[in-house]
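Dear colleague,

I am passing on the structure we spoke about, and below it I have set out what I found. Please read the notes with the model open beside you.

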Amino acid sequence: MKLRRVSAVSIKTAAARLRAGGVVAFPTETVYGLGADGLNPRACARIFEIKGRPRFDPLILHECSAARARRLFSRVPAAAARLMKAFWPGPLTLVLPKAAAVPAIVTSGLKTVAVRVPAHPTALALIKAAGRPIAAPSANSFGRLSPTTAAHVRKQLGAGPDLILDGGKTRIGVESTIITFAGGRPVLLRPGGLPLEEIEKIAGPVGSAGKPKGRPPAPGCLKKHYAPAAKLRIVARGAKVKDGPRTACLAFSEKPKGKFAATAVLSPAGDLREAAANLFGALHRLENSGAKVIYAQRVPAHGLGRAIMDRLRRAAA
Ligand code: TXA
Ligand code: MG
């Protein structure tokens, strides 16, 4: 049905879908990705909804050349530049300080962004035709096996994506290796399609995220995370919140009554997708207001609302 064989025509169709805010599953050399316009927060919000991800786990941005990929970073250490030169296109994801243009929903509010250039003709042609970086996690339901064929994608995600590009079985079959330079030196966040030995030949010794200094392997693993400088308290949507100059309020769909340091409405239309896309930006703004306490109203706990509530709970932990 929505499964289309890879061809010049289907790639063009898929790229148009991506430009219009749609979601397209496509083959890479590692696994199938669930792609959306990486600069469009609402399109990215659809990825979380389709995957049923229970929380915001940051996404990987995919580019069609190393030169374009570099523009997504604000700083590139020499060792990282050598890795790009040696292994892109290829199954290596680099985590580096993000450029301002990268939306908060892609990085879950982190200051770093994960980027890679896939070594797959279809993926490269699609990104090039779309003319923008493509955000794409593996195209599986949360917690399930990663997809290496278009049929796996259809089985798990069914009617979710607007289009599934069928490029046959993926070549490598495991996800990319993720290296972070967030702390300045290279650290392995996820072993994957590119062997660590190959990486160490170019970048020197790579640290392991598991053992030293209790650094968690991925941001989603922290119980307390995404916490603003202010205290965050979760309240019922209808609840009366004590207002004041040191208090901020994060509302779902209706502007809160009272005098606050700052308020934010996540989605006037009550659209959970829009609300999710606005969440981190709103929390940043409220924190910057100088408020000591942020009261965050509950949102409906279905669809992306569950992800929003999970973030709020982590922030409140
Ligand atoms: O091979 C792959 O990498 C596939 C294909 C589609 O490219 N993609 C993939 O994406 O495996 P995903 O979302 O399933 O895994 C991305 C991982 C997540 O565990 C996430 O926590 C981590 O990358 N990640 C993303 N941005 C990060 C960041 N700024 N810092 C640390 N970890 C990050
Ligand atoms: Mg995955």
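In this predicted model, strand β4 (residues 60–62) and strand β6 (residues 112–116) run parallel and are joined by 3 bridges. Within that pair, His-62 of the one strand stands opposite Arg-116 in β6.

These two strands belong to a wider arrangement, an open sheet of 11 strands with mixed pairing, whose order is β1-β8-β2-β3-β7-β4-β6-β5-β9-β10-β11. The edges of the sheet are formed by β1 (3–5) and β11 (207–208), each of which pairs on one side only.

Two helices can be described by how they lie against the sheet. Helix α6 (residues 121–130) packs on the sheet and touches β2 (24–26), β4, β7 (134–135) and β8 (163–166), and the direction of α6 makes about 145° with that of β2. Helix α7 (residues 150–157), for its part, lies across β1, β2, β3 (33–37) and β8, and runs at about 160° to β8.

Helix α6 also has a helical partner, since the axes of α6 and helix α1 (residues 8–19) come within 8 Å and cross at roughly 50°, an angle that makes α1 oblique to α6. The crossing of these two helices, α1 and α6, is right-handed. On the α1 side the contact is made by Ile-11, Ala-14, Ala-15, Leu-18 and Arg-19, and on the α6 side by Thr-122, Ala-125, Leu-126, Ala-129 and Ala-130. Sorted by character, the residues in this contact of α1 with α6 comprise 8 nonpolar, 1 polar and 1 charged.

Another helix pair is worth looking at, namely helix α4 (residues 78–87) and helix α8 (residues 196–203), whose axes come within 9 Å and cross at roughly 125°. At that angle α4 and α8 are therefore oblique to each other, and their crossing is right-handed. Here Ala-79, Arg-82, Leu-83, Ala-86 and Phe-87 in α4 meet Glu-198, Ile-199, Ile-202 and Ala-203 in α8. Of the residues in the contact of α4 with α8, 7 are nonpolar, none is polar and 2 are charged.

With kind regards

Terms used. Residues numbered from 1 in each chain as written. Chains lettered and ligands numbered in written order. Predicted model: local features only at pLDDT ≥ 70, side-chain atom pairs only at ≥ 80, totals over all residues. Heavy atoms only, no water. Pairing = 2+ DSSP bridges. Helix = DSSP H or I, 4+ residues; strand = E, 2+ residues; numbered from the N terminus. Contact = heavy atoms within 4.5 Å. Axes fitted to C-alpha atoms, helices over the stretch in contact; angles between N-to-C directions. Parallel < 35°, antiparallel > 145°, perpendicular 65-115°, else oblique. Left-handed = near helix turned anticlockwise from the far one by under 90°. Nonpolar A, V, L, I, M, F, W, Y, C, P; charged D, E, K, R; others polar.
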